[in-house]
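Hi there,

I'm passing this structure on to you, as promised. Have a look at it first, and then read my notes below.

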Amino acid sequence: MAAAAEGVPAIHREEPVRDDVAVETAEEAKEPAEADINELCRDMFSKMATYLTGELTATSEDYKLLENMNKLTSLKYLEMKDIAINISRNLKDLNQKYAGLQPYLDQINVIEEQVAALEQAAYKLDAYSKKLEAKYKKLEKR
């Protein structure tokens, strides 16, 4: 019967057709040896430790960078504070000097007002003298 089965095409054989060709058999799914699992676990833990060490180192470096930036910012703020104190001190000095000059400035304003009044009086006097001169010339011609 085996000889007859060899001549018959595969479709017409009397063997049952299997739909589960992709199903693994017990021979294909072998468990790795215990030593291989231990070595793979060691390798995985070693690589995980390297990865975590890198992550923690990066985080640590980030914090060191932030610390340095905070220190520099603090120094800049101290410099700015010193500059602001100097500006405030100089402004107080200027205000005191201005207060000391204020009486003289007031005197200058008074003198300026008096000069303006004298100038107006001079213009009026000039206009009056021109009128008088015109009258004198008129009287002289008669």
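Here is what turned up on charged side chains.

Please keep in mind that this is a predicted model. Searching the whole structure gives seven salt bridges, and three of them, including their surroundings, are described here.

Let's begin with arginine 42, which pairs with glutamate 39 at a closest N to O separation of 3.7 Å. The two sit three residues apart in helix H2, so about one helical turn separates them. Arginine 42 is exposed, at 54% relative accessibility, while glutamate 39 is partly exposed, at 49%.

Further along, lysine 130 forms a salt bridge with aspartate 126, and their closest N and O atoms are 3.6 Å apart. Both residues belong to helix H2, with a spacing of four residues, or about one turn. Lysine 130 counts as exposed at 51%, and aspartate 126 as partly exposed at 37%.

The third pair is lysine 137 with glutamate 133, again a salt bridge, with 3.6 Å between the closest N and O atoms. These two are also in helix H2, four residues apart, and so about one helical turn from each other. Both are partly exposed: lysine 137 at 47% and glutamate 133 at 43%.

There is also a positive surface patch, made up of Lys131, Lys135, Lys138 and Arg142. Of its members, arginine 142 lies in the segment after helix H2, which spans 34-141. Arginine 142 is exposed, with a relative accessible area of 79%.

Happy to hear your thoughts.

Best wishes

Terms used. Residues are numbered from 1 along each chain as its sequence is written. This is a predicted model: local features need pLDDT of at least 70, side-chain atom pairs count only at pLDDT 80 or more; totals for chains, interfaces and linings use all residues. Side-chain values use heavy atoms; hydrogens and water are left out. Patches are made of residues with over 30% relative accessible area and no salt bridge: like charges are joined within 9 Å, nonpolar side chains (Val, Leu, Ile, Met, Phe, Trp, Tyr) within 5 Å. Accessible areas come from the Shrake-Rupley method with a 1.4 Å probe; for residues, only the protein chains shown count as cover. A salt bridge is a side-chain nitrogen of Lys or Arg within 4 Å of a carboxyl oxygen of Asp or Glu. Lys and Arg count as positive and Asp and Glu as negative; His and the chain ends are not counted. The place of a charge is taken as NZ of Lys, CZ of Arg, CG of Asp or CD of Glu. Buried means under 20% relative accessible area, exposed over 50%, partly exposed in between (1.4 Å probe, protein chains only).
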